[in-house]
Amino acid sequence: MINTVSKSHIRVAQNASGRAMNVPVYHIKGIRPGPKVYIQSSIHGAEVQGNVVIYHLIQWLQNMPISGEIILVPNCNPVGTNIKAGEYTLGRFDPVNGTNWNRGYYYDANEVTAFANTVTSEESVASVKQRFREHWRKAIANKLASPWGLGLAQQLNLRLQQMAVDADYVLDLHNGPVSTRHIYVPDYAKASATLFNFPHCIFIPNVFAGALDEATFCPWWTLTTLLNERDKRQVDFGVEAFTLEMGSQEVIDFDEGEIDATSILSYLTAKGVLPESQLQPANMNRVGVNLSDYKILYTQWGGMVQYCARPGQHVKQGDILAKVLNIDELDNEKGSFDITAPCDLIPMLHFPSASVLSGTQLYKCFTNYFTLTEKA
């Protein structure tokens with residue numbers, strides 16, 4: 001073993017019997033100084049593939065010459081993982097308050113503006129970066145200490161965010177219902193999109209919707225913009241965050257997990273965490289889309305569905321996406337009908353069940369997509 005590896009546990013929740021619910025935290029300290037990396041998985045209980053990815057990462061990183069340190073938190077939401085109904089894991093929402101487990105992280109644009117007003121044009125980037133992290137850490141702690149309390153999902157989110165606040169690179173590992181690999185990339189980090197072995201990239205603006213990647217990059221992105229506009233300089237704090245969607249939920253696959261771990265290692269190599277002799281990004285076709293062109297196809301009907309277009313498949317306008325069985329009309333020509341693509345698109349994921357209510361998110365799709373070059 002080359003690096004120092006330690007394991008601790010943090011309490012992320014407490015059940016009605018008063019028992020603490022803990023998750024393991026693996027801390028790998030490199031042999032030389034360098035960036036700090038934070039990686040977590042399974043904030044949604046059914047999205048378990050990230051755990052086997054972290055397993056592979058731990059096996060490899062123990063014996064790789066790391067610069068800096070890496071924090072890995074598998075199964076970061078044990079509450080969600082244990083919410084079962086028959087064969088299914090219902091771990092997407094806090095069962096008490098109905099809150100999405102991935103929408104309670106902290107961001108306040110006013111806090112960023114207030115901090116920016118304390119920065120002088122002569123202060124070094126390193127000093128600003130250190131002070132801003134201290135400022136943000138205190139703001140998160142104050143939020144957790146609210147005298148009115150917080151919902152379970154937000155309590156869990158903020159405790160995780162406290163571990164990620166010092167990281168230069170934050171990776172949140174997810175899965176879709178029935179999905180292909182895709183990654184959410186902040187617009188300012190487009191050049192990093194091709195450092196992962198992900199064929200589909202969604203570019204997102206500086207807008208906070210509650211997720212961990214946004215809670216990480218929105219503060220730094222906003223601060224950078226404020227300082228650069230005010231002081232007419234080009235500040236770059238070098239902080240990036242991504243949500244990685246690694247296929248379908250409710251399953252783990254060790255071979256696929258090794259592929260995704262390799263992808264993450266190629267990114268860490270490019271960022272100087274691992275030496276250049278380690279893994280390089282794959283030579284592969286990559287497709288990008290702006291978040292505004294990542295469309296949801298909702299149902300205007302209810303019925304039983306056969307999904308004809310698979311995630312990742314290029315579909316032309318008018319091609320069949322799904323066939324619907326209408327139980328109330330089996331004795332006439334309305335007994336089945338086709339759902340066709342409203343434009344050229346690439347499905348990223350679809351609803352996991354054949355039984356569909358009206359208003360269901362049937363597919364999420366790339367539209368107006370484009371090819372990425374290695375330079376992004």
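In the predicted model, Phe203 has a relative accessibility of 2% and therefore counts as buried, the cut-off for this class being under 20%. Phe370, in contrast, has a relative accessibility of 30% and counts as partly exposed.

These residues belong to a wider set of aromatic contacts, as a search of the whole structure returns 21 aromatic pairs. In one of them, the ring centres of Phe203 and Phe370 are separated by 6.1 Å and the ring planes meet at 10°, so the pair is classed as stacked, a class that requires planes under 30 degrees apart. Phe203 is part of strand β10 (residues 200-204) and Phe370 is part of strand β20 (residues 370-371); the pair therefore ties together parts of the protein that are 167 residues apart in sequence.

A further pair is formed by Tyr294 and Phe366, with ring centres 5.7 Å apart and planes at 90°, so its geometry is edge-to-face, for which the planes must be over 60 degrees apart. Tyr294 is located in strand β13 (residues 294-298) and Phe366 in strand β19 (residues 361-366), so this pair ties together parts that are 72 residues apart in sequence. Both Tyr294 and Phe366 are buried. One aromatic cluster was also identified, formed by Tyr106, Tyr107, Phe115, Phe132, Trp136, Phe208, Trp220 and Phe237.

With regard to the overall fold, the secondary structure of the protein consists of seven helices and 20 strands. The radius of gyration is 22 Å, close to the value of 21 Å given by the globule rule for 376 residues, so the protein is as compact as a globular protein of that length. Along the principal axes, the C-alpha atoms fill a box of roughly 75 × 55 × 45 Å. Contacts between residues at least 6 apart in sequence were also examined, and 73% of them join residues at least 24 apart.

Burial and surface composition were assessed for the whole protein. Of its 376 residues, 51% are classed as buried. The exposed surface of the protein amounts to about 17300 Å², of which carbon and sulfur atoms supply 50%. The protein carries 30 positive and 36 negative charges, and the mean positions of the two sets lie 7 Å apart.

Note on methods: Residues numbered from 1 in each chain as written. Predicted model: local features only at pLDDT ≥ 70, side-chain atom pairs only at ≥ 80, totals over all residues. Heavy atoms only, no water. Helix = DSSP H or I, 4+ residues; strand = E, 2+ residues; numbered from the N terminus. Rg over C-alpha atoms; globule rule 2.2 N^0.38 Å. Buried < 20%, exposed > 50% of the residue type's maximum accessible area, 1.4 Å probe, protein only. Contact = heavy atoms within 4.5 Å. Areas by Shrake-Rupley, 256 points an atom, 1.4 Å probe, with all protein chains shown as cover. Lys, Arg positive; Asp, Glu negative; His and termini not counted. Charge placed at Lys NZ, Arg CZ, Asp CG, Glu CD. Phe/Tyr/Trp six-rings, centres within 6.5 Å; stacked < 30°, edge-to-face > 60°.
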